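Got the viewer open? Here is a short tour, one selection at a time.

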Amino acid sequence: MYKDSTTDLEAVLGKTQPENIDIYLKTHEQSLADEKKPFAAYMRELFKKKGITQQDVFLKADIPERYGYRLIAQAKNTIQRDYILRICFAAGFTLKETQRALKLYGMSELYARIPRDSVLIVAFNGGISEIHEVDELLASYGMELLKPCTGQR
């Protein structure tokens with residue numbers, strides 16, 4: 001877990017002058033994410049904060065466990081945004097947490113102007129965490145269900 005919250009860090013950065021960046025980096029070293037794997041650090045922090053295990057999330061998301069661990073660790077990359085969404089729904093992430101996870105993974109955030117994304121946004125805001133409920137909601141509007149995870153790209 002990080003020493004300082006993101007909000008606290010942002011407040012400090014708002015007052016930090018360019019010539020003092022080195023002081024900020026040294027002072028808040030324990031609160032900064034690993035630059036090489038910020039997604040992994042973020043996901044593990046949220047799982048811990050929510051009191052859930054990765055194994056439980058993968059089971060609930062219907063993602064093969066071995067593949068899921070590799071996704072979280074960024075040892076395996078995917079181009080399927082739905083895989084990351086499955087993890088976020090199964091972990092009970094908020095919309096804000098999900099948007100951040102997508103961004104850190106290098107994927108586009110959910111966008112309100114895209115009809116399917118709009119339905120997914122409503123699902124996150126409604127606290128839906130069961131994949132079958134998300135799929136039922138998508139199906140009720142004739143939209144593509146969350147892609148099943150086969151452990152492939």
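Start right after H5, where Gln-74 takes a positive phi of about 60°. Keep in mind from here on that this is a predicted model. Gln-74 is found in the loop between H5 and H6, and its phi is a positive value in a residue other than glycine. Most residues other than glycine have a negative phi. Is the residue buried or exposed? With a relative accessible area of 18%, Gln-74 is buried, because the cut-off for that class is under 20%.

**Step back: the whole chain**

Now select everything. The chain has nine helices and zero strands, so a cartoon view should read α-α-α-α-α-α-α-α-α from the N terminus on. Drawn along the principal axes, a box of roughly 55 × 35 × 25 Å takes in the C-alpha atoms. There are 153 residues, of which 39% count as buried. If you like contact maps, take the contacts between residues at least 6 apart in sequence: 64% of them join residues at least 24 apart.

**Select H5**

Go back to helix H5, residues 65-72. Colour Tyr-67, Gly-68, Leu-71 and Ile-72, which are the buried residues here. Look down the axis of H5: the buried residues fall within an arc of 135°, so they line one face of the helix. An α-helix has 3.6 residues a turn, so residues three or four places apart point the same way. What does the buried set of H5 pack against? Show H3, H4, H6 and H7, and you have the partners.

**Add H4**

Keep H5 on screen and bring in helix H4, residues 54-61. The two pack at an angle of about 115°, and their axes are 9 Å apart. The crossing of H4 past H5 is right-handed. To see the contact itself, show side chains for Gln-54, Gln-55 and Phe-58 on H4, and for Glu-65, Gly-68, Tyr-69 and Ile-72 on H5. By type, that contact splits into three nonpolar residues, three polar ones and one charged.

Before moving on, click on the loop between H4 and H5, where you will find Asp-62. Asp-62 also has a positive phi, about 60°, although it is not a glycine. Buried or exposed, this one? Asp-62 is exposed, with a relative accessible area of 52%, whereas Gln-74 is buried.

**Into the core**

Next, hide the loops and look at the nonpolar side chains. The largest nonpolar core has 38 residues, and Met-43 and Ile-87 have the most contacts inside it. Helices that each supply at least two residues of this core are H3 (38-50), H4, H5, H6 (81-90), H7 (95-105), H8 (115-125) and H9 (131-140). Which helix gives the most? That would be H6, with seven residues.

Centre the view on Met-43. Setting aside residues up to four places away in sequence, Met-43 touches Ile-72, Ile-87, Phe-93 and Ala-101. You have met Ile-72 already, as one of the buried residues of H5.

**Two side chains on H7**

Now select Glu-97, which sits in helix H7. Glu-97 counts as buried, at 11% relative accessibility. What surrounds it, leaving aside neighbours within four places in sequence? Show Tyr-42, Leu-46, Lys-49, Lys-50 and Gly-92: Glu-97 is in contact with each of these.

Stay on helix H7 and pick Gln-99. Gln-99 is buried as well, with a relative accessible area of 13%. Not counting residues up to four places away in sequence, Gln-99 touches Glu-109 and Leu-110.

**Last stop: H8**

Finish by selecting H8. Its buried residues are Arg-116, Asp-117, Val-119, Leu-120, Ile-121, Ala-123 and Phe-124. To see what the buried residues of H8 pack against, display H6, H7 and H9. Then follow the chain past the end of H8 to Gly-127, whose phi is positive, near 75°.

Terms used
Residues are numbered from 1 along each chain as its sequence is written. This is a predicted model: local features need pLDDT of at least 70, side-chain atom pairs count only at pLDDT 80 or more; totals for chains, interfaces and linings use all residues. Side-chain values use heavy atoms; hydrogens and water are left out. Axes are lines fitted to C-alpha atoms, for helices over the stretch in contact, and angles run from 0 to 180 degrees between N-to-C directions. Helices (H or I, at least four residues) and strands (E, at least two) are DSSP runs, numbered from the N terminus. A crossing is left-handed if the near helix is turned anticlockwise from the far one by less than a right angle, and right-handed if clockwise. Contact means heavy atoms within 4.5 Å. Ala, Val, Leu, Ile, Met, Phe, Trp, Tyr, Cys and Pro count as nonpolar, Asp, Glu, Lys and Arg as charged, and the others, Gly among them, as polar. A nonpolar core is a set of buried Ala, Val, Leu, Ile, Met, Phe, Trp, Tyr and Cys residues joined through side-chain atoms within 4.5 Å. Buried means under 20% relative accessible area, exposed over 50%, partly exposed in between (1.4 Å probe, protein chains only). The arc is that of the directions from the helix axis to the C-beta atoms.
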